[in-house]
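This report was prepared in response to a request for a description of a single-chain model, with attention to side-chain contacts.

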Amino acid sequence: ILFSRYRDGDNDIYVMDADGGNVQQLTNDPGRDWDSTWSPDGTRIAFTSDRDGDWDIYVMDADGGNVQLMTYGSYSIDQDPAWSPDGTRIVFASNRLHHGTDDLDLFTMDTDGDIIQRLTDNPEWDSDPAWSPDGTRIAFVSYRDDDYDIYVMDADGTNVQQLTDDPARDGYPVWSPDGSRIAFTSLRTGDYDLYVMDADGTNVQQLTDTLEW
């Protein structure tokens, strides 16, 4: 399991076994490293870091070695990396066309950092992309009409569809392994809880009911 830990004034990336044992530190940099995600074959890890002064996307080997800078958005924000199921592309959120603002759009790039393609054109905020298991669709969070909701689109950015429509903030979509359902977080009860819905946005079910985040 990958996770980010704040310790001694710094955020670094760690890995541990599924039972919580064998914790190992993968990054050790004065910058803030977070938002890590495994490549489909488990050999590489993409993550976000400000170690070079801007928020950029990096890739490293699974043991923390061979760190490579993937994006070069000077004075911009590149974050929220997610691998395509075949491991050939990475989708991410960026304000590279809106420097100095928090207006994020979604882009894809090859895993060597080349051929960046813009997927969304939203004057507000698109983030938290998640590729469907079959690689044909991308779920994401979008701020439109004064609300954060979950949307889905084809992998080339076309056919955008809104899945949730609630005044509360919905976020962090995750596909089920068979692609039939999407789990997400929401503030619709006043606290962050976990929900699940069918991939077309129907049959929303609340999974947790807590008084905490």
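The text below treats confidence, strand pairing, aromatic contacts, salt bridges and one loop residue.

## Basis and confidence

This is a predicted model, in which local features need pLDDT of at least 70 and side-chain atom pairs count only at pLDDT 80 or more, whereas totals for chains, interfaces and linings use all residues. Residues are numbered from 1 along each chain as its sequence is written, and side-chain values use heavy atoms, with hydrogens and water left out.

The confidence score, pLDDT, is the predictor's confidence in each residue, from 0 to 100. Its mean over the chain is 92, and 97% of the residues reach 70 or more. Among the elements of the chain, the lowest mean pLDDT belongs to β1 (90) and the highest to strand β17, residues 181-186 (97). Strands are DSSP runs (E, at least two residues), numbered from the N terminus.

## The sheet β1-β2-β3

An open sheet is formed by three strands in the order β1-β2-β3, with antiparallel pairing. Two strands pair if DSSP finds at least two bridges between them. The edges are occupied by β1 and β3 (24-25), each with a single partner strand, so one side of each is left without a neighbour in the sheet. Strands β2 and β3 run antiparallel and are joined by two bridges. Valine 15 stands opposite glutamine 24 in β3.

## Aromatic contacts

There are seven aromatic pairs in the structure. Rings of Phe, Tyr and Trp (its six-membered ring) pair if their centres lie within 6.5 Å; planes under 30 degrees apart count as stacked, over 60 as edge-to-face and the rest as tilted. One of the pairs is made by phenylalanine 3 and tyrosine 14, which are stacked at 5.6 Å centre to centre with 20 degrees between the planes. Phenylalanine 3 belongs to strand β1 (residues 2-7) and tyrosine 14 to strand β2 (residues 10-15), so the pair ties together parts that are 11 residues apart in sequence. Tyrosine 14 counts as buried, at 4% relative accessibility. Here buried means under 20% relative accessible area, exposed over 50%, and partly exposed in between (1.4 Å probe, protein chains only).

Phenylalanine 47 and tyrosine 58 form another stacked pair, with 5.6 Å centre to centre and 20 degrees between the planes. This pair links distant parts of the chain, phenylalanine 47 in strand β5 (residues 44-49) and tyrosine 58 in strand β6 (residues 56-61), 11 residues apart. Phenylalanine 47 is buried at 0% relative accessibility, and tyrosine 58 is buried with a relative accessible area of 2%.

Charged groups also sit over aromatic rings; the criterion is NZ of Lys or CZ of Arg within 6 Å of the ring centre and within 35 degrees of the ring normal. The ring of tyrosine 14 has the charged end of arginine 5 over it, 4.9 Å from its centre. Arginine 188 lies over the face of tyrosine 195, at 5.1 Å from the ring centre.

## Salt bridges

The structure holds 10 salt bridges, a salt bridge being a side-chain nitrogen of Lys or Arg within 4 Å of a carboxyl oxygen of Asp or Glu. Three of them, among those present, are set out below.

| Acidic residue | Basic residue | N to O distance |
|---|---|---|
| Aspartate 78 | Arginine 96 | 2.9 Å |
| Aspartate 105 | Arginine 118 | 3.0 Å |
| Aspartate 126 | Arginine 144 | 3.5 Å |

In the bridge between aspartate 78 and arginine 96, the partners are 18 residues apart, aspartate 78 in strand β8 and arginine 96 in the loop between β9 (89-94) and β10 (105-110). Both of these residues, aspartate 78 and arginine 96, are buried. Aspartate 78 has a relative accessible area of 0%, and its strand β8 spans residues 78-83. The side chain of aspartate 78 also makes a polar contact with that of threonine 71 at 3.0 Å. A polar contact is a pair of N or O atoms within 3.5 Å; within protein, one must be able to donate a hydrogen and the other to accept it, and residues adjacent in sequence count only if both atoms are side-chain atoms.In the bridge between arginine 118 and aspartate 105, arginine 118 lies in strand β11 (residues 117-118) and aspartate 105 in strand β10, 13 residues apart. Arginine 118 is partly exposed at 34% relative accessibility, whereas aspartate 105 is buried with a relative accessible area of 1%.

In the bridge between aspartate 126 and arginine 144, aspartate 126 is in strand β12 (residues 125-131) and arginine 144 in strand β13 (residues 137-144), 18 residues apart. Aspartate 126 is buried at 0% relative accessibility, while arginine 144 is partly exposed at 23%. Elsewhere, Asp29, Asp33 and Arg51 are joined into one network by salt bridges that share partners.

## A loop residue

Glycine 190 lies in the loop between β17 and β18 (193-198) and is exposed, with a relative accessible area of 51%. Its C-alpha atom is separated by 8.1 Å from that of alanine 168, 22 residues apart along the chain.

Key: Helix = DSSP H or I, 4+ residues; strand = E, 2+ residues; numbered from the N terminus.
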